Every structure is written in structure tokens, then in C-alpha cells.
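Hello,

Here is the structure I promised to pass on to you. Have a look at it first, and then read on for my notes.

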Amino acid sequence: MGCHKNKNGGTMKITSTVIAAFFLSSASAFQHHGGIPMQQHKQRVSARHMKSSTSMESEEGTGTGRRFEATFQPAPYNDRSQMTSLSVATLQGAASLPGRAEGASIIQRLNLPDVESGNIDAIGKVLSASLLITGNTVGSSMFVLPETVGGVGMVWGSSIFFGIYLYNLISGLLLADVAINLHESSECDVPSSFKDFVDTALKSETAGTAMAGASLISNSCFLAFGTVHAGSLLANTFPGFGLEPIMGAGAFAATIALFSLTQTNKGLEKITNVACLVLFSSFASLLLPSMANVSDPVGTFLAPGTNTDGFAAAVAAAVPLILSSLTYQNIVPSITKLLDFDRTKSTIAVAIGSFIPMAMYISWCFVALGGGLDSSTASGAGAAALTAFTASALIGSCVAAVMSLAEEYESIISSMVEEDDSCPVKSTFSVPAVAASMAPPVAVALAFAKDGDLTGALHFNGAVITPFLYGLLPIILFQSMQKKEDEGASSTMSLSSLPQVLLGAGTVGALGQEIMQDIANLPNMMA
């Protein structure tokens, strides 16, 4: 899914070989360790990340779905470091990925000049980590983006996408630097819940609990949104059964809960892996013919916005939704673990892994607004590909969201119970954690299932939760670690103050435009 530009003459052979190695590494990564889809899933996944039955010494890694709150806990505030299901399974297959050895042997057979096996191994790990981020980011929010981008037009929509990409990139790199410094100054570096990560960095259980609450709200928004769309999808796909959207939403939620309760972390990993593979293959089968079916590419890209309330209102609607759709920072600590806490590799993986979803979203909006998607899905094969794409995005992102929610609840529950083992490992989530994860968002989804839309949940997440959780919090965490370094810690912070200023300015701008838009809408709300 990357872009490789061919050059003239003798470099053609090298370029084609590198492309072949890239796709081999990508296929191996998803086959043996999986992408994190939610959403996600936002492929939790990332995510959007679980506990494994393997021992703590195991350095294997795995990806899961969109919106995983996979972070690591080097040394908690109470000096009891927990090794949770999310942390172990997130990293369960990547450290010993078979595909990397296969890729190296094939490249050797292709006689690629001046390439050492160690470099091939490093490239494979970086590409695998990048695809984990991509799978964790792409999710069900894709279905409502074209209408929103159409409100501002493709030119401005693409600009907003790129600006938010840079915003999230700075946020992700700040979190990566914090994670690496925690690793360098602690005893236990196993990723855990977002609560544990904040507990350790700020040495404040109160702050960790508050951030865990924000994380719970964020993932609940994605789960509620996905459940509503899943109900509509089931009702439209099987009209002969007489399913109402609310019945479809309930059946989908029950299935996700059953998976979460009965499957081990390896089983949930396989589900998200399959969903991610279907997601990318069906997206490719839809995008290529849809691009060819866009009748006026230049006119589509240059077309003005269609929002009747004006440009300011269109931007106010687009920014939170796009910001919510492009978040992936919850799995950044796990990415640093996967890449052996190497700053250079982590930077490359975050930059590439978050760029691919942006390109996918822009391409999707372009073919949808240009009419190419409608033309492609008019045939039976196109309609089947769209259904497969929709179902895989919903399953991956919702499984990832539940796992992220359950991980936070497991952390909260364990903090209230004394454990004999300072690093307990569980292979499944507990019933109370899954029940607490499912009940609130599913109740909201069932209440809105009849209308078939809950885009407001994603808007709220992008307008309120995300700027605090992934805008202000990374700056606070980074400043906290920098203060410790100034007091004599041995770790070295690698980022200057400029990224923090840019991230803070972007956060203030995002919150400010939302507040101004809400104030402007007060007369209409009161009327």
C-alpha cells in the first residue's frame, strides 16, 4: 500500500525487487501477526493490545483491531507492574515474524545487491509496525467521510486531512518518545492499558483514572457508531428475514460480546486478522475500478463545497470527524516495544503507518464524490465487494473497541483488588470487564438504531475527547518526562519545543472553532 516511484536505467530492477519484498513483508505481517484495524479498527488493532497465555518472557507480538488502547507499563505508581492481556497479545508474533525470514531468502534469491540480512530484518519490522498502525486507523468512520468532505470540497478536504495527519504525527511521536524514556528508566516495560501508562508517566493514579475515563468515552463512541451501522447493514443485506435495524444491532452486539467472552486472545487476534485482510483486499477491488469510473477527475477535485450553511460550518463539521477517524495514538507505546524502543524505527513506522490511512480516506472520498464508487458497485461483484468491505470494517473496529474498553476496565478492576502476582497474565477478559464495556455503548446504539445514524458520536469524540486525550495529554506527558530528565534522569528526550507548540496550537484551534460554532448555533438550539 505504499508508493514506489520507478527510476530510469539500472534502478528499475532494484525498485521492482523492493516492491516485491514490500508486499511479501506486508502479507506476512497480516498473516502471522495481523493488522490492528478500530477505528481500528479505528484495527485495535487498535487499537485500536490483549493479554496472551504465553509467558512474560515471550517477545512475540501481534496486531489487533482499530482503537486499541495498547500502552505499556514499565513501572506503575504503586510499584506493582501488571502485564495484561492487551499488552502481551499486541506483541505476540512480531518479534519472531516468519515472514521476515521468508522475505530475506527470496530477496537473496533475487540477488539484490549490497543488502545485508540485518537491514532486511529491520525493514520488515518497520513495515509490519506501519501496517499495524494502518489497520488500527482505518475503520467504519470511512462511510460518513465523503458527505462531510463534500461539504468543504476535495481541495479543502484534502488540506484538512493533511493538516490533521501532521497534528497526529506530532502527537504520536511525543507519545513514542515518552514510551521510550519510560522503558529506559524502568524495570517492567510491558505495554498495558492507557490508564497504567499515564499512571506511570505522571505518577498519579488520579490522572490515570481521568485519562482512562476519556479513553472509555472515546472507544464507546466508536462501538456505538459501529453497532448502529452493523444493524443497518444486516437489515439491508437480508431483507427476506424481516430484520429491523434494532434487531440487527442487537444481534451484532451479542455476537461481539460472545466472541469477547469465549475466545482467547489468540482467537480474537485471528478474527481481527481476517477482518483486516478482507478490509484491504475489498478496498483494493473497489478503489481501482472506481478510479477509472470517475468521469471528471479534475472537476471532482476542484468542485466547491456543498454545505448550504457556509464554509465555516462545513469546516466545523469536517475537522472533528476527520480528527476522530485518523487517531491511532493509543497503540504507539506498543509500536515502540515492537521496534525495540528504537527512536528512528518508531518515527518511520508512525509516519508511514499514519500516512496510508490518510491516502485511503482521501481516495475513498474522491471516488465517492466523483460517482466512480456508485458505478463500480452497480454490478453484482462490486456490490459484494462493498458489503465485504463494510462488514470487515465494522467487525474489526468493533472487536478492537471492545478489547480496548475491556482492557481499561480490567486495569481499573485490578487496581481495586490486591494481586499476589505483581505482573498477572490472563488469556481472556473477565465477564465484568466485557459487560461494562458493552452495556453503555450498546444501549445508546439501540436507542439510535431506528434512525440508522450515530455520526454525532464521532463528532463529539473528535471535537471534545480527542483534542484533550491526544492533543494536550502528550504534551503534559512529554513535559513530565523532560522535567525528570532535568532533575538528573539518564534518559534523553529527543524532541524540541517546536512540535509541542504546534500541537498545542492545533489543539487550541480545534477546540476554539468548535466552541465558536456552538455559540453561533445557540439561537437555533434555543428556538
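Let me begin with a pair of helices: α10 (residues 265-293) packs against α16 (residues 380-415) at an angle of about 145°, and the two axes lie 8 Å apart. Please keep in mind that this is a predicted model. The crossing of α10 past α16 is left-handed.

If you would like to look at that contact residue by residue, α10 contributes L268, I271, T272, A275, V278, L279, S282, F283, S285 and L286. From α16 come G382, A385, L386, A388, F389, S392, A393, I395, G396, V399 and M403. What kinds of residue meet there? The contact of α10 with α16 is made by 15 nonpolar and 6 polar residues, with no charged ones.

Next, a single residue to click on: N168, which lies in helix α6 (residues 154-184). Its relative accessibility is 1%, and buried means under 20%, so N168 counts as buried. Which residues does N168 touch, leaving aside its neighbours within four places in sequence? They are L323, L326, T327, Y328 and Q329.

Finally, the cysteines. C365 is buried, with a relative accessible area of 0%, and C398 is buried too, also with a relative accessible area of 0%. How many disulfides does a search of the whole structure find? The search finds 0.

I hope this gives you a friendly start with the model.

Best wishes

Technical notes: Residues are numbered from 1 along each chain as its sequence is written. This is a predicted model: local features need pLDDT of at least 70, side-chain atom pairs count only at pLDDT 80 or more; totals for chains, interfaces and linings use all residues. Side-chain values use heavy atoms; hydrogens and water are left out. Axes are lines fitted to C-alpha atoms, for helices over the stretch in contact, and angles run from 0 to 180 degrees between N-to-C directions. Helices (H or I, at least four residues) and strands (E, at least two) are DSSP runs, numbered from the N terminus. A crossing is left-handed if the near helix is turned anticlockwise from the far one by less than a right angle, and right-handed if clockwise. Contact means heavy atoms within 4.5 Å. Ala, Val, Leu, Ile, Met, Phe, Trp, Tyr, Cys and Pro count as nonpolar, Asp, Glu, Lys and Arg as charged, and the others, Gly among them, as polar. Buried means under 20% relative accessible area, exposed over 50%, partly exposed in between (1.4 Å probe, protein chains only). A disulfide is a pair of cysteine sulfur atoms within 2.5 Å.
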